[in-house]
Amino acid sequence: MENINWSGLSFGYMKTDYNVRCYYRDGKWGELEISDSESITLHIASTCLHYGQEAFEGLKAFKGRDGKIRIFRMRENALRMQSSSRGILMAEFPVELFEEAVIEAVSRNRRFVPPYESGASLYIRPLLIGTSAQVGVNPSKEYLFIVFVTPVGPYFKTGFKPTPYLILRSYDRAAPQGTGNIKVGGNYAASLVAGEIAHQKGYSAVLYLDSKEKKYIDECGPANFFGIKNNTYITPDSNSVLPSITNRSLMTLAEEMGMKVERRPVPVSELAEFEEAGACGTAAVISPILRIDDPEENKSYVFSKDGTAGPASRRLYDRLRAIQYGDQEDRYGWVTVLQ
Ligand code: PLP
Ligand code: COI
């Protein structure tokens with residue numbers, strides 16, 4: 001513990017002191033329980049193991065210059081987890097209990113919240129699984145909700161340095177009317193093969209197109225996509241992308257900065273017009289895009305000529321981080337300061 005190199009952290013798992021758990025049995029949620037174990041015991045016929053009844057969330061806590069710990073927009077994650085639950089017929093975890101569990105998990109692991117100067121943060125991972133035995137394809141009757149935390153650095157190794165992305169037209173991450181708009185494990189399993197191909201070829205992630213027509217941009221592996229042109233922040237409106245809380249925050253901040261904001265279908269051909277492009281999410285924050293290659297169409301789109309992020313991406317990144325770390329006023333009530 002004493003030897004953590006905070007500013008050298010990557011996005012990975014590190015054991016912390018405690019996690020928080022809550023069980024759903026007999027049609028109701030129990031009390032929050034604190035555990036110091038990294039393991040759970042599961043029935044071999046649990047629905048999470050066989051039929052993918054699993055949803056998760058990702059949010060972060062930040063230590064400010066003032067030493068205070070701030071959690072970013074946790075209510076939005078609570079609501080999105082409920083939406084994921086409705087999508088795969090799991091018991092919904094109450095919003096207030098979610099907030100309480102997150103605060104408890106962060107409070108009990110305070111010593112793992114990276115110092116302000118490191119630029120790192122505490123990643124908070126809530127998850128929800130179906131735990132009772134079913135062999136026929138049916139929803140579980142019992143559920144387990146867990147929150148664990150782990151200190152993290154940047155999701156993409158280079159942090160705010162632009163990196164290349166790859167369009168792979170022969171892979172989809174989600175069906176047009178499937179589960180792409182909720183945060184369930186199956187979506188990520190479905191993205192592993194394409195993700196691995198992209199990584200092996202030196203790309204940060206896959207840029208997914210809409211699965212039906214391959215005409216519009218969906219999202220970037222583990223993050224939403226945005227493009228900038230003519231002082232306008234443009235992001236895809238699609239049934240099969242995850243409604244990113246970071247993206248929603250950036251839309252607000254772009255407006256605050258006097259930019260126009262458009263959320264609409266974004267044709268692939270429009271990539272040629274963007275002055276800047278980026279991937280955004282809790283883990284990715286803003287990961288600027290250097291270039292997007294579309295080898296099957298023999299096309300390549302470049303967004304940074306000198307290898308640095310563009311001015312709009314930089315301003316949005318700085319403003320978002322300043323709110324998260326408490327350097328600037330939290331004008332929108334996004335931050336919960338830990339007592
Ligand atoms: N899209 C996908 C597929 C994701 O996994 C994530 C990460 O949560 C995001 C987008 C970004 O969402 P958020 O900003 O809420 O973290
Ligand atoms: C996040 O940004 O929180 C994510 O969940 C992305 C990825 C780690 C799955």
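Here, a residue counts as exposed when its relative accessible area is over 50% and as buried when that value is under 20%, with partly exposed in between. That scale runs through the legends below, which describe close-ups of a predicted model.

**Figure 1. V135 sits out in the open as part of a nonpolar patch.** With a relative accessible area of 68%, V135 is exposed. The residue belongs to the loop that links strand 7 (121-130) to strand 8 (143-152). V135 teams up with Y51 and V137 to make a nonpolar surface patch of about 330 Å².

**Figure 2. The chain as a whole, for orientation.** The chain has 7 helices and 18 strands. Its C-alpha atoms fill a box of roughly 55 × 50 × 35 Å along the principal axes. The radius of gyration is 20 Å, which agrees with the value near 20 Å that a compact globule of 339 residues would have. Of those 339 residues, 54% count as buried.

**Figure 3. Ligand 1 and the residues that come nearest to it.** There are 16 residues around ligand 1, and the nearest are Y188, E219, S244, T246 and T282. E219 puts a polar side-chain atom 2.5 Å from a nitrogen atom of the ligand. T246 has a polar side-chain atom 2.6 Å from an oxygen atom of ligand 1. For T282, an N or O atom of the side chain is 2.6 Å from an oxygen atom of ligand 1. On its own, ligand 1 has 380 Å² of accessible area, and the protein covers 97% of that.

**Figure 4. Ligand 2 and its surroundings.** Around ligand 2 we find F11, F56, G58, Y123, R125, Y155, K183, Y188, P222, T282 and A283. Which residue offers a polar side-chain atom 2.6 Å from an oxygen atom of ligand 2? That one is Y123. K183 also reaches in with its side chain, where an N or O atom is 2.8 Å from an oxygen atom of the ligand. A283 uses its backbone instead: a polar atom there is 2.8 Å from an oxygen atom of ligand 2. Taken alone, ligand 2 exposes 280 Å², and the protein buries 89% of that.

**Figure 5. E219 again, this time with its salt-bridge partner R173.** The two side chains meet at 3.0 Å, N to O. R173 lies in the loop between strand 9 (163-166) and helix 4 (185-189) and E219 in strand 11 (residues 217-220), so the pair ties together parts that are 46 residues apart in sequence. Are these two residues buried or exposed? Both R173 and E219 are buried. E219 also has the 2.5 Å approach to a nitrogen atom of ligand 1 from Figure 3.

**Figure 6. Other salt bridges in the model.** A search of the whole structure turns up 23 salt bridges. Side chains of opposite charge can pair when their charged atoms come close. One of the pairs is R70 with D66, at 2.7 Å from N to O. R70 is buried at 10% relative accessibility, whereas D66 is partly exposed at 45%. Another pair is E104 with R108, also with an N to O distance of 2.7 Å. Here E104 is partly exposed at 26% relative accessibility, and R108 is partly exposed at 38%. There's a network too: salt bridges link K229, K260, E262, R264, E270 and E273.

**Figure 7. Two residues with positive phi, R73 and K214.** Most residues other than glycine have a negative phi. R73 goes the other way, with phi near 50 degrees. R73 is in the loop between strand 6 (69-72) and helix 2 (74-87), and it counts as buried at 13% relative accessibility. K214 has a phi of about 55 degrees, and it isn't a glycine either. Its place is in the loop between strand 10 (205-209) and strand 11. With a relative accessible area of 19%, K214 is buried, since the cut-off is under 20%.

**Figure 8. S46, buried in a loop.** S46 is found between strand 3 (33-35) and helix 1 (47-50). Its relative accessible area is 0%, so S46 is buried. How many ångströms separate the C-alpha atoms of S46 and S313? The separation is 44 Å, for two residues that are 267 residues apart along the chain.

Notes:
Residues numbered from 1 in each chain as written. Chains lettered and ligands numbered in written order. Predicted model: local features only at pLDDT ≥ 70, side-chain atom pairs only at ≥ 80, totals over all residues. Heavy atoms only, no water. Patch = residues over 30% accessible without salt bridge, like charges linked within 9 Å, V, L, I, M, F, W, Y side chains within 5 Å. Areas by Shrake-Rupley, 256 points an atom, 1.4 Å probe, with all protein chains shown as cover. Salt bridge = Lys/Arg side-chain N within 4 Å of Asp/Glu carboxyl O. Helix = DSSP H or I, 4+ residues; strand = E, 2+ residues; numbered from the N terminus. Buried < 20%, exposed > 50% of the residue type's maximum accessible area, 1.4 Å probe, protein only. Near = heavy atom within 4 Å. Polar contact = N/O pair within 3.5 Å; in protein donor to acceptor, adjacent residues only side chain to side chain. Rg over C-alpha atoms; globule rule 2.2 N^0.38 Å.
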